[in-house]
Amino acid sequence: YRDDDDINDVASMAGVNLNEESARIMATNSDLVGTQIQSCKDEPFLAAIPLHKRILEMAKKLGITDVPTEVVTFISHATQNRLRAVIEKVTVITQHRMESHKDDEWYEQATDVRSQLKFFEQLERLEKQRKDEQEREILLKAAKSRSRQEDPEQARLKQKAKEMQQQELAQMRQRDANLTALAAIGPRKKRKLDSPGLLAVGGEGLGMSGGSQAGLGTPSSRQYARQKITRVNLRDFIFYMEQERETSHSLLLYRALLK
């Protein structure tokens, strides 16, 4: 069969000549053929000299006396890739931990521990307030009693009632002084967030560019979004080590669990 009659020759059936296309591509990129391409300088991730010394110390135990520089560079790059992979996986774990499902339509809250704790705290506060009121009534009754023959317990209650009254009087005076000072100062003025002196870019200080001065005080002034920070804790690393085959039974994992 001829090339044009071959049903598997899709290029010929479409009317495309591969030889002409190859010649056209070579003519188009002729200025790039034969040029010298220079790559960037290979910078190791770890310090070369301390890493080389550490590798030599470990190699001498195995009977190796010479380690080339290329091996040190390769180990440095392997460490960088390994660290990048660990950070990426731990970041995903942290994001899953911080992910909230309250807005999900299938989310149904079974218990609310925070509300329960607030309820118990309120009960304890009311119980303490009730006991304080009872103790205050007892002390006031002891202070008002005018019996001639007083026992030591009665004298102690009177002294405690006197101290309680002095403490309440001091608190009232302090409260009145604070109210007087606030009235003398006057109402506090809130700073305007869109004022020229409060514009900041990236938290690097106060200031603005010359092109943004025309939009001062307008509602359409540019607002900078706050960067979201992902905080990784020890529990995230422990979960990562439990999932990895290399570290699931390692001594490092057990040491981390003991912390």
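Let me start with what sits on top of helix 3: the cover over its buried residues includes helix 4, residues 69-98. Keep in mind that this is a predicted model.

Which residues of helix 3 are buried? They are Leu-51, Ile-55 and Ala-59. Look down the axis of helix 3 and these buried residues fall within an arc of 70 degrees, so they line one face of the helix. The general rule fits here. An α-helix has 3.6 residues a turn, so residues three or four places apart point the same way. Now turn to the other side of helix 3. There, Ile-49, Pro-50, Lys-53, Arg-54 and Lys-60 are exposed.

The helix itself runs from residue 48 to residue 60. That is 13 residues, spanning 18 Å from first C-alpha to last, close to the 18 Å expected at 1.5 Å a residue.

How do helix 3 and helix 4 meet? Their axes come within 10 Å and cross at roughly 105 degrees. That makes helix 3 roughly perpendicular to helix 4. On the helix 3 side, the residues are Ala-48, Leu-51, His-52 and Ile-55. They meet Val-72, Ile-75 and Ser-76 of helix 4. Leu-51 and Ile-55 are on the buried list too.

One step back along the chain, take Glu-43. It lies in the loop between helix 2, residues 18-28, and helix 3. Is Glu-43 buried or exposed? Its relative accessibility is 59%, so Glu-43 counts as exposed. Glu-43 and Thr-73 are 30 residues apart along the chain, yet 8.5 Å separates their C-alpha atoms.

Next, the other partner of helix 4. Helix 7 covers residues 234-243. Helix 4 and helix 7 pack at about 115 degrees, with 9 Å between their axes. That makes helix 4 roughly perpendicular to helix 7. The crossing is right-handed. From helix 4, the contact uses Arg-82, Val-86, Lys-89, Val-90, Ile-93, Thr-94 and Arg-97. From helix 7 come Asp-236, Phe-237, Phe-239 and Tyr-240.

On to helix 6, residues 152-185. It has 34 residues and reaches 50 Å from its first C-alpha to its last. The expected value, at 1.5 Å a residue, is 50 Å, and the helix is close to that. Right after helix 6 comes Gly-186, with a positive phi near 95 degrees.

What is buried in helix 6? Gln-154, Leu-157, Ala-161 and Met-164 are. These buried residues pack against helix 5, residues 113-144.

So, the geometry of that pair. Helix 5 and helix 6 pack at about 115 degrees, with their axes 8 Å apart. They are therefore roughly perpendicular to each other. Helix 5 passes helix 6 in a left-handed crossing. Helix 5 brings Glu-135, Arg-136, Leu-139, Leu-140, Ala-142 and Ala-143 to the contact. Helix 6 answers with a list that includes Lys-158, Lys-160, Gln-165 and Glu-168. The buried Gln-154, Leu-157, Ala-161 and Met-164 are in that contact as well.

Finally, the chain overall. There are eight helices and zero strands. Along the sequence the pattern reads α-α-α-α-α-α-α-α. How much of the chain is buried? Of its 259 residues, 10% count as buried. And take the contacts between residues at least 6 apart in sequence: 41% of them join residues at least 24 apart.

Conventions:
Residues numbered from 1 in each chain as written. Predicted model: local features only at pLDDT ≥ 70, side-chain atom pairs only at ≥ 80, totals over all residues. Heavy atoms only, no water. Helix = DSSP H or I, 4+ residues; strand = E, 2+ residues; numbered from the N terminus. Expected span 1.5 Å × (residues − 1). Buried < 20%, exposed > 50% of the residue type's maximum accessible area, 1.4 Å probe, protein only. Arc of directions from axis to C-beta. Contact = heavy atoms within 4.5 Å. Axes fitted to C-alpha atoms, helices over the stretch in contact; angles between N-to-C directions. Parallel < 35°, antiparallel > 145°, perpendicular 65-115°, else oblique. Left-handed = near helix turned anticlockwise from the far one by under 90°.
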